[in-house]
Amino acid sequence: MAAAELSKPSYTKTRLFQSSQLSSLSTHLHSHRRLTFRPLHHTRNSRICCSVAPNSSLITRNFSQVQAPAAPEKTQDPKSKAECFGVFCLTYDLIAEEETKSWKKLINIAVSGAAGMISNHLLFKLASGEVFGPDQPIALKLLGSERSLQALEGVAMELEDSLFPLLREVSIGIDPYEVFQDAEWALLIGAKPRGPGMERAGLLDLNGQIFVEQGKALNAVASRNVKVIVVGNPCNTNALICLKNAPNIPAKNFHALTRLDENRAKCQLALKAGVFYDKVSNVTIWGNHSTTQVPDFLNATINGLPVKEVIKDHKWLEEEFTESIQKRGGVLIKKWGRSSAASTAVSIADAMKSLVTPTPEGDWFSSAVYTNGNPYGIAEDLVFSMPCRSKGDGDYELVKDIQFDDYLRKRIAKSEAELQAEKRCVAHLTGQGIAVCDLPEDTMLPGEM
Ligand code: LMR
């Protein structure tokens with residue numbers, strides 16, 4: 001029945017299949033798919049039709065062995081196609097009157113590392129409408145690896161079982177050239193953790209290779225105005241690698257996530273001042289998402305007053321506060337035994353919301369973005385966390401009226417030097433020559449302490 005388009009001309013809130021039904025459904029569908037189905041494709045009132053639930057035996061491309069492809073042309077091997085999942089593959093008719101009239105055009109959101117812990121929190125926030133609002137349908141395009149494909153099916157099953165009205169499509173796959181097709185948002189969460197005995201340069205290279213491929217894939221198949229948020233560490237340099245490999249997408253559209261650091265800083269300032277954290281604003285994280293990052297207490301405010309007027313213990317601000325934010329990720333790993341996941345997901349949602357809603361008057365948010373044209377004198381051609389404002393159109397501007405003092409300048413320069421060293425270390429991945437790794441010894445990813 002699912003193999004044929006439902007002919008009844010009424011909106012059917014689709015059938016929800018039990019997980020046990022999914023495998024037989026997928027087997028059944030598979031035998032028909034090339035004859036019967038059109039590719040996943042939609043317009044607002046379109047019939048939604050697709051092929052099959054995933055079958056891991058079909059998928060041959062090994063994401064863990066990513067290599068920069070010679071050319072953006074991809075194999076047409078149908079086995080590597082991203083596949084719609086379970087209930088999201090059903091074909092049904094929507095009668096225009098029955099479709100919520102105010103619903104907007106569907107947004108395609110691609111997520112890498114989709115079977116991981118961070119995604120497991122994030123996907124359900126996205127599907128619930130928390131980020132884009134209650135009138136914005138979404139499609140989730142989930143990228144995993146061959147190893148994680150079964151887990152990814154589990155994630156997709158949970159998304160089915162959640163009956164989110166705004167979640168109109170879910171597809172899963174292991175080939176970024178398929179999964180990133182038409183993506184308007186790309187949340188690049190997947191990255192490899194540093195293995196035992198691995199040098200930091202090795203980690204930069206290993207993860208950098210992934211972001212070369214993903215940059216090329218975005219360049220080839222994503223929306224020309226895709227917004228990219230890189231979360232996989234080392235996220236600033238991964239974002240730089242990604243944007244260098246996606247020359248047809250504006251460099252301005254690439255972000256590395258430092259919103260988690262901003263949220264952490266707001267929380268600690270609120271705690272010290274004895275106020276609720278909604279009273280803390282204008283907090284900038286400068287630089288790298290590493291132990292050189294600079295949480296800016298010079299420009300931050302509490303209840304509209306400069307932080308230094310509210311928190312008189314300036315030694316605490318310069319030493320304990322700063323270090324506690326720089327190292328919080330690592331402390332958390334020691335306690336949890338794994339990286340922050342839920343708070344990272346919350347901060348990704350916050351980062352997205354900051355781009356799709358107008359920034360409150362006088363405030364700003366932190367995001368690591370491309371430095372070309374920045375008004376602060378920070379070296380060009382880096383991805384560096386800076387204060388941003390948005391009109392809510394997905395774009396942003398850097399904030400101009402920022403104060404600096406010697407302490408802030410010196411700290412920013414250290415993070416800048418670290419990012420320049422990371423950049424030299426990945427020159428082979430950005431098309432900027434031969435890599436030379438002279439990374440500062442004393443700086444680390446938050447999770448490396
Ligand atoms: C964090 O800040 O919590 C993470 O980036 C830490 C890590 O290295 O995974």
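Which residues line the largest cavity? In this predicted model, the lining is made up of Pro295, Asp296, Phe297, Leu298, Asp405, Tyr407 and Leu408. Two elements, strand E10 (294-296) and helix H12 (406-425), each supply at least two residues of that lining. The volume of this largest cavity comes to about 40 Å³, and the structure holds two cavities of 30 Å³ or more. As for how such spaces turn up, rolling a probe the size of a water molecule over the atoms shows where empty space is left.

**The chain as a whole**

Stepping back, the secondary structure amounts to 13 helices and 15 strands. The chain has 449 residues, and 55% of them count as buried. Take the contacts between residues at least 6 apart in sequence: 76% of those join residues at least 24 apart.

**Two buried isoleucines**

A couple of residues show what those contacts look like up close. Start with isoleucine 109, which sits in strand E2 (residues 107-112). Buried or exposed? Isoleucine 109 has a relative accessible area of 0%, so it counts as buried. Setting aside neighbours within four places in sequence, isoleucine 109 is in contact with Leu126, Phe132, Ile138, Ala139, Leu140, Lys141, Trp185 and Leu187. Lysine 227 is 118 residues away from isoleucine 109 in sequence, yet their C-alpha atoms are 9.6 Å apart in space.

Then there's isoleucine 241, part of helix H7 (residues 235-244). Its relative accessible area is 0%, so isoleucine 241 is buried. If you leave out residues up to four places away in sequence, isoleucine 241 touches Gly208, Phe211, Val212, Val426, Leu429 and Thr430. Take glycine 208 from that list: 33 residues separate it from isoleucine 241 in sequence, while the C-alpha to C-alpha distance is 6.6 Å.

**Helix H8 and what follows**

Does the length of helix H8 fit its residue count, or what span should we expect? Helix H8 (residues 259-273) has 15 residues, and at 1.5 Å a residue these should span 21 Å; the end C-alpha atoms are 21 Å apart, so the two agree. The buried residues of H8 are a mixed bunch, including Arg259, Leu260, Asp261, Glu262, Ala265 and Leu269. Right after H8 comes glycine 274, with a positive phi near 70°.

**A small sheet**

Further along, three strands make an open sheet in the order E8-E11-E12, with antiparallel pairing. Strand E8 (280-281) and strand E12 (305-306) are the edges, each pairing on one side only. Between E8 and strand E11 (residues 301-302), the antiparallel pairing runs over two bridges. Which residue of E11 is the bridge partner of serine 281? That partner is threonine 301.

**Salt bridges**

Side chains of opposite charge can pair when their charged atoms come close. Searching the whole structure turns up 16 salt bridges. Here are three of them, with the separation of the closest N and O atoms.

| Acidic residue | Basic residue | Closest N and O atoms |
|---|---|---|
| Glutamate 130 | Lysine 353 | 3.2 Å |
| Aspartate 381 | Lysine 244 | 2.7 Å |
| Aspartate 278 | Lysine 279 | 3.2 Å |

Lysine 353 pairs with glutamate 130 at 3.2 Å. This pair links distant parts of the chain: lysine 353 belongs to helix H11 (residues 342-356), glutamate 130 to the loop between helix H3 (117-128) and strand E3 (138-143), and the two are 223 residues apart. Lysine 353 has 24% relative accessibility, so it counts as partly exposed. Glutamate 130 is partly exposed too, with a relative accessible area of 34%.

In the second pair, aspartate 381 and lysine 244 come to 2.7 Å. Aspartate 381 is in the loop between strand E13 (365-370) and strand E14 (383-389) and lysine 244 is in helix H7, so the salt bridge ties together parts 137 residues apart in sequence. Helix H7 is also where isoleucine 241 is found. Why does aspartate 381 count as buried? Its relative accessibility is 12%, and buried means under 20%. Lysine 244, at 26% relative accessibility, counts as partly exposed.

The third pair is aspartate 278 with lysine 279. Aspartate 278 counts as exposed at 53% relative accessibility, and lysine 279 as partly exposed at 35%. Some salt bridges share partners: Lys125, Glu130, Asp350 and Lys353 are joined into one network that way.

Notes: Residues are numbered from 1 along each chain as its sequence is written. This is a predicted model: local features need pLDDT of at least 70, side-chain atom pairs count only at pLDDT 80 or more; totals for chains, interfaces and linings use all residues. Side-chain values use heavy atoms; hydrogens and water are left out. Two strands pair if DSSP finds at least two bridges between them. Helices (H or I, at least four residues) and strands (E, at least two) are DSSP runs, numbered from the N terminus. The expected span of a helix is 1.5 Å times one less than its number of residues. Buried means under 20% relative accessible area, exposed over 50%, partly exposed in between (1.4 Å probe, protein chains only). Contact means heavy atoms within 4.5 Å. A salt bridge is a side-chain nitrogen of Lys or Arg within 4 Å of a carboxyl oxygen of Asp or Glu. On a 1 Å grid over the protein atoms alone, a cavity is a set of points where a 1.4 Å probe fits but cannot get out, and a pocket is an open set with protein on both sides within 12 Å along at least five of seven lines; lining residues have an atom within 4 Å of a point. Grid points are joined across faces, edges and corners, and a volume is the space filled by probe spheres set on the points.
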